[in-house]
Amino acid sequence: MVLRIKNRDARRLWLDRTGLADTPTGSHDLLQIIKDLGFVQLDTIRNVTRAHHHILWSRNQNYREPMLNKLLANDRSVFEHFTHDASVLPMDFYPLWQRQFRRLGARAAKHKAMDAADIAAIKARISREGPLSTHAFDTKIVGKKEMWARPPHKRALDQLWYAGELATSHREKFVKYYDLAERVIPAGHREVDHSDDHQVDWLCRAALDRLGFGTLGDIQRFWAAMDAPEVKTWAGKASDHLVPIELETVDGDWVSMVAPANIGSLLVNMRSPTSRLRILSPFDPAIRDRTRLSRLFGFDYRIEIFVPAAKRRWGYYVYPLLERDRFVGRIELKADRKAGIVKVVQIWPESGVKWTADRAEKLDAELSRLARFIGADTVEWQCGRIGR
């Protein structure tokens with residue numbers, strides 16, 4: 001018989017696999033958190049704190065913002081590259097990322113930013129001078145300035161970065177500094193050569209292990225380092241690692257998926273989710289796949305930062321609120337770091353959720369913890385409070 005996983009068990013297993021089951025306290029191993037997640041998405045917007053910092057803080061609230069750059073710039077135990085978006089990955093994964101350098105490097109080269117001589121000159125200058133940011137170069141956009149248009153030197157730097165010829169050396173106030181890959185990536189990782197088949201096999205298995213269960217599309221989208229036919233071919237060869245399952249959605253439907261061979265053990269040993277109310281980043285791994293989020297939790301969420309204000313359903317930067325294995329609401333926040341204030345702009349309980357005094361106290365506690373994380377000492381409500 002095909003293994004059937006009830007919806008509540010699926011929700012709890014997913015939160016466990018994404019590191020959100022435990023109360024986020026105590027000592028922490030930051031690199032291990034990143035390994036367990038697979039990668040952490042980077043984002044430039046610092047509404048309260050940048051997404052990568054928020055994601056890591058959600059797993060352990062003793063994390064502080066400078067710790068990630070230390071892993072990157074000093075320890076060289078993580079590197080930056082592109083999954084579905086710009087991300088930081090464990091350095092141990094570098095030898096298994098070569099196909100992604102080839103894929104994205106070839107794709108970027110099709111959109112010629114500069115001629116070969118000018119690109120070579122950029123690389124030669126970095127070789128002579130050491131790590132440089134885009135601010136060290138000065139080329140201009142030619143023609144109409146469209147949204148997302150970038151000067152040629154920025155596109156050339158990214159082309160070399162996508163191809164793995166340049167690597168992120170460090171960041172200063174989130175500005176990326178590029179250096180030659182051989183000066184950033186330890187030789188022991190650069191010199192390992194895995195076949196493409198081995199890389200695909202590792203990527204698929206590692207994705208499924210972190211997902212706990214999923215469709216072949218879920219596996220493909222996890223790293224975004226393979227295309228759908230490659231994952232389908234892999235699945236045909238990897239029957240020893242795959243268990244067919246049926247998963248119950250929040251609506252009571254049953255969906256056919258696959259799980260790793262140890263799914264029974266994962267279900268038996270999964271941790272019960274903490275009762276602490278959590279404010280999650282819009283880019284948190286637990287909610288990044290909006291289809292999976294809706295299927296498991298019935299939580300319809302979209303980030304509206306690029307939606308005109310008049311057309312937003314909720315607000316500019318709205319955070320999901322998680323309690324145990326249920327999304328109970330969403331909250332719009334912003335921070336004034338200089339003034340030391342976290343501002344609550346608006347809050348919306350989910351339909352059917354009663355906002356009790358106990359739940360309000362839990363939210364107050366989490367807001368205070370988030371404020372302390374960024375060095376703020378005041379939480380200011382700009383909207384009516386609920387549950388009081």
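Which residues touch the most other members of the largest nonpolar core? Here are some notes on that and a few other features, offered with the reminder that this is a predicted model.

1. **The largest core.** The largest nonpolar core has 54 residues, and the ones that touch the most other members are F213, I219 and W223. Helix α10 gives this core its largest share, seven residues. If you would like a second place to look, there is a separate core of 42 residues, with A51, V78, I279 and L333 among its members.

2. **Around F213.** It is worth centring your view on F213. Beyond its neighbours within four places in sequence, F213 is in contact with A10, L13 and W14, and also with L208, I245, L247, M257, V258, A259, R292 and L296. Two of the strands discussed next contribute to that list: β7 covers residues 242–248, and β8 covers residues 254–260.

3. **Strands β1, β7 and β8.** Strand β7 pairs with β1 (residues 3–5) in the parallel sense, over three bridges. In that pairing, I5 stands opposite L247 of β7. With β8, strand β7 runs antiparallel, and seven bridges join the two. Here V243 faces A259 of β8 as its opposite number. Five residues lie between the strands of the β7 and β8 hairpin, and G252 takes a positive phi near 90 degrees there.

4. **H241, just ahead of β7.** Is H241 buried or exposed? Its relative accessible area is 12%, under the 20% cut-off, so H241 counts as buried. This histidine sits in the loop between α12 (228–237) and β7. Leaving aside neighbours within four places in sequence, H241 is in contact with R205, L208, D209, W234, A259, P260 and A261. A259 and L208 are therefore worth a second look, as F213 is in contact with both of them.

5. **D179 in β6.** Another buried residue is D179, with a relative accessible area of 6%. D179 belongs to strand β6, which spans residues 175–180. Apart from neighbours within four places in sequence, the contacts of D179 are I126, G130, P131, E165, L166, A167, S169 and V184. One of these, E165, is a charged residue like D179 itself.

6. **The three-stranded sheet.** You will also find an open sheet whose three strands come in the order β2-β4-β3, with antiparallel pairing. Why do β2 and β3 each have one side without a neighbour in the sheet? Both β2 (40–41) and β3 (78–82) stand at the edges with a single partner strand, so one side of each is left without a neighbour. Between β3 and β4 (residues 86–90) there are five bridges. Across that pairing, H81 stands opposite S87 in β4.

7. **The second largest pocket.** The volume of the second largest pocket is about 390 Å³. Of its 19 lining residues, D16, G19, D36, R59 and R271 are the closest to the centre. By type, the lining divides into nine charged, seven polar and three nonpolar residues. Helices α1 (7–17), α2 (30–37) and α10 (196–211) each supply at least two lining residues, and the largest share, four residues, comes from α2. Do note that α10 appears in this lining as well as in the largest core, where seven residues come from that helix.

Notes
Residues are numbered from 1 along each chain as its sequence is written. This is a predicted model: local features need pLDDT of at least 70, side-chain atom pairs count only at pLDDT 80 or more; totals for chains, interfaces and linings use all residues. Side-chain values use heavy atoms; hydrogens and water are left out. On a 1 Å grid over the protein atoms alone, a cavity is a set of points where a 1.4 Å probe fits but cannot get out, and a pocket is an open set with protein on both sides within 12 Å along at least five of seven lines; lining residues have an atom within 4 Å of a point. Grid points are joined across faces, edges and corners, and a volume is the space filled by probe spheres set on the points. A nonpolar core is a set of buried Ala, Val, Leu, Ile, Met, Phe, Trp, Tyr and Cys residues joined through side-chain atoms within 4.5 Å. Buried means under 20% relative accessible area, exposed over 50%, partly exposed in between (1.4 Å probe, protein chains only). Contact means heavy atoms within 4.5 Å. Two strands pair if DSSP finds at least two bridges between them.
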